[in-house]
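Good morning, everyone, and thank you for making the time. I would like to walk through one model with you this morning, going from the strands to the ligand and then to a few single residues.

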Amino acid sequence: VSAERGGFQHFMQKEIHEQPKAIRDTLTGRLDEDLQSVALPELSWTDESLQAIDRIHIVACGTSWHAGLVGKDAIEKIAKIPVEVDVASEYRYRDPLVTPNTLVIVITQSGETADTLAALRDSKQKGLRVLAITNVVGSSAAREADDVLITWAGPEIAVASTKAYTTQLVTLYLLAAYLGQARGTLSSDAKAEVLGALAGLPTVAEQVLDAAPRIERFAKDYQEARDTFFIGRGLDYAVSLEGALKLKEISYIHAEAYAAGELKHGTLALITDGVPVIALATQTHLYEKTLSNIKEVKARDAFVLGLTWAGDEELKKSVDEVIYLPRTSPVVAPIVAVIPLQLLAYYAAVVRGNDVDKPRNLAKSVTVE
Ligand code: G6P
């Protein structure tokens, strides 16, 4: 335990625990106190250019791409602008269909990822407006984009991204609300729900971290696991992808994320006695559907760890263990639900004696193609 790790054993653990503060710092100055509006004064957009945006392309790699998947949902729901999300290494070679008023958003923690920068540069060459969401002030992405939103996560040292992801999500929600308020698509109910949930997130994140000892125990019990499945629908599917990536990156356990309704089209063949399945059930409108998918894996004797909201009495009847999340709006569930998954990956790597902060074959920022 060194001083620079703030009393924690690893940078990743420290960064997981810094999330309440990182989220608060990312919200500061952007949400007004009475939760009536979002301000993003750093954007240079005129009202005219803002109204003109007719589609958005989000481009990113790795964890930042997973943030983009959640961003698509938020922007489409709140601002009613169609959004496509691409992995940068695909986007740059696929000749994407753009309009003169397409806004390109690149998301990159480091601001230096080669594929993401190439997408940024290609887009600018086409005359498109590019917004960068990055954690590094003065990075290449920050310097080259037309506009920049900084995620105030503070330096992220561990290769596996945690607080950068959650602050990217916060930034994307703020952006969705900002676009929605300017374009008149943010109803007052939605405003109260989204802005209220954002303001409550630092406290909620704090409460989720209390689950760390239980998750550590779970990780120890499942030391021998070779394959793990993460399932969920809607936003829970996007978070499943991130949960599976975290586990793969540092524990080296094979993990697959599956849209819960798609399981029966192949993956169910791999669900056998004792295979751990992490099932996310935070999306209220999809709850019943997810529950029936959970029953399908339970019927094949999987060991199921469920994630749902505190107060839910149903899920525990169909799974082996439940992690309860402090209640907040399902719209911002990804920020809350990912934290136990980060902890799970962390403890699974620690139990295996892996180099948590510097996993094999991976780099913090990939500056070559
Ligand atoms: C590397 C890192 C990942 C990260 C990805 C994108 O692969 O190991 O953790 O998500 O790059 O990085 P960026 O800095 O562009 O967000």
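I will take the sheets in turn, then the ligand shell, and end with three residues. Please keep in mind throughout that what you see is a predicted model.

Let me begin with the sheet in which five strands are ordered 2-1-3-4-5, an open sheet whose pairing is parallel. Strand 2, residues 83–87, and strand 5, residues 147–150, stand at its edges, and because each has a single partner strand, one side of each is left without a neighbour in the sheet. From one strand to the next, the twist in this sheet averages 20°. Further in, strand 1, which covers residues 55–60, runs parallel to strand 3, residues 102–108, and six bridges join the two. If you want a pair to locate on the screen, I56 stands opposite L103 in strand 3.

Now to the other sheet, which I will treat in a little more detail. Here five strands form an open sheet in the order 7-6-8-9-10, and the pairing is parallel. The edges are held by strand 7, at 254–259, and strand 10, at 321–325; each has a single partner strand, so one side of each lacks a neighbour in the sheet. The twist averages 20° from one strand to the next. Helix 11, residues 235–251, packs on this sheet, where it touches strand 6 (227–232), strand 7 and strand 8 (276–280), and its direction makes about 175° with that of strand 7. Helix 12, residues 287–298, lies across strand 6, strand 8 and strand 9, and runs at about 165° to strand 9.

As for the pairings themselves, strand 6 and strand 7 are parallel and pair over six bridges, with F230 standing opposite A257 in strand 7. Between these two strands the chain crosses from strand 6 through helix 11 to strand 7, and this β-α-β crossover is right-handed. Toward the other edge, strand 9, residues 303–309, pairs with strand 10 in the parallel sense over five bridges, and the bridge partner of L305 in strand 10 is E321.

Let me turn to the ligand. Of the 17 residues around the ligand, those that come nearest are G62, T108, Q109, S110 and T113. Helix 4, residues 62–79, supplies the largest share of this shell, namely three residues. By residue class, the shell divides into six nonpolar, 10 polar and one charged.

Finally, the single residues. I105 is found in strand 3, and it counts as buried because 27 other C-beta atoms lie within 10 Å, where 20 or more are required. Leaving aside neighbours within four places in sequence, I105 is in contact with I56, I58, L131 and I133.

The other two residues I chose for their backbone angles. Most residues other than glycine have a negative phi. L35, although it is not a glycine, has a positive phi of about 55°; it is found in the loop between helix 2 (19–27) and helix 3 (47–52), and with 15 C-beta neighbours inside 10 Å it counts as partly exposed. K80, also not a glycine, has a positive phi of about 55°. K80 is found in the loop between helix 4 and strand 2, and, with 14 other C-beta atoms within 10 Å, K80 is partly exposed.

Technical notes:
Residues numbered from 1 in each chain as written. Predicted model: local features only at pLDDT ≥ 70, side-chain atom pairs only at ≥ 80, totals over all residues. Pairing = 2+ DSSP bridges. Helix = DSSP H or I, 4+ residues; strand = E, 2+ residues; numbered from the N terminus. Axes fitted to C-alpha atoms, helices over the stretch in contact; angles between N-to-C directions. Contact = placed C-beta atoms within 7 Å. Right-handed = clockwise from strand over helix to strand, strands pointing away. Near = placed C-beta within 6 Å. Nonpolar A, V, L, I, M, F, W, Y, C, P; charged D, E, K, R; others polar. Buried ≥ 20, exposed ≤ 12 C-beta atoms within 10 Å, placed from the backbone.
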